[in-house]
Amino acid sequence: MVLSALLVAVSMAASSAAPAPPPSPVPCSTVAGFHDLDFWIGSWRVTTDGQYAGTDVVAPILDHCAVTENWNDADGSHGLSLFYFNAFEQSWTQVWVTDLATARGGLKEKYLIARIPGGGVRFQGILPGAPGSAIIVDRTTLTPVDDGTVHQLIEISRDGGTTWTPTFDAIYARARTKATF
């Protein structure tokens, strides 16, 4: 009888206990992975082979939960990127859209494939194209340089990643004045 009463009491206590609340989310700014692109944050004047190529403004948003890129090309075209970090998978995704989104390369989705020693990152994806068109792999490598600049190399591969052709090889130098967009 005592055992029976004890089992009933334990059963009632277990059923009346509220489930544990889910853990509170922590601010993105306190999680290391969200800071992988910090070296690239700022307003930039961009050159290729010493020639002016455009301006770029890279900024954290939403308490560092994502990073935006606002590109203004020397030819007058524009592009926007949203980079977001998935804390559950410890991975980054880039979505790139330009005012030339109907041209191949004007719209991209890339994924972090490598963290480079020294703090750099590499993103890679497939360039969207017309049905039946050749597959083109596109990758971007961003590397901080000791002098405070950032080296960006965009390359494509038409053979599944065996060989790579540079399409944009640029140096990002901090802009003296804030770029407009």
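In this predicted model, Phe83 has a relative accessibility of 2% and therefore counts as buried. The cut-off for that label is under 20% relative accessible area. Phe83 belongs to strand β4, which spans residues 78-86. The side chains of this strand alternate. Gly79, Ser81, Phe83 and Phe85 point to one face and are buried. His78, Leu80, Leu82, Tyr84 and Asn86 point to the other face and are not buried.

Strand β4 has partners in β3 and β5. Strand β3 covers residues 66-73 and runs antiparallel to β4, with 7 bridges joining the two. Within this pairing, Ala66 of β3 stands opposite Tyr84 of β4. The two strands form a hairpin with 4 residues between them. Gly76 sits in the turn and has a positive phi of about 95°.

Strand β5, residues 91-98, also pairs with β4 in the antiparallel sense. Here the bridges number 8. Gly79 has Thr98 in β5 as its bridge partner. The hairpin of β4 and β5 likewise has 4 residues between its strands. In this hairpin, Gln90 takes a positive phi near 55°.

Aromatic contacts come next. The model holds 7 aromatic pairs. One of them joins Trp40 and Phe83 in an edge-to-face arrangement. The ring centres are 5.6 Å apart, and the planes meet at 85°. This pair links distant parts of the chain. Trp40 lies in the loop between α1 (2-16) and β1 (42-48), whereas Phe83 lies in strand β4, 43 residues apart. Both Trp40 and Phe83 are buried.

Phe83 also pairs with Phe123. The centres of these two rings are 5.4 Å apart and their planes stand at 70°, so this pair is edge-to-face. The angle cut-off for that class is over 60 degrees. Phe123 lies in strand β7 (residues 120-126) and Phe83 in β4, so the pair ties together parts that are 40 residues apart in sequence. Phe123 is buried, with a relative accessible area of 1%.

Which residues do ring pairs link into a cluster? The members are Trp40, Trp44, Phe83, Phe123 and Tyr172. Phe83 thus appears both in this cluster and on the buried face of β4.

One further contact involves a charged residue and a ring. Arg139 lies over the face of Trp164, at 3.9 Å from the ring centre.

How values were computed. Residues numbered from 1 in each chain as written. Predicted model: local features only at pLDDT ≥ 70, side-chain atom pairs only at ≥ 80, totals over all residues. Heavy atoms only, no water. Buried < 20%, exposed > 50% of the residue type's maximum accessible area, 1.4 Å probe, protein only. Pairing = 2+ DSSP bridges. Phe/Tyr/Trp six-rings, centres within 6.5 Å; stacked < 30°, edge-to-face > 60°. Lys NZ or Arg CZ within 6 Å of the ring centre and 35° of its normal.
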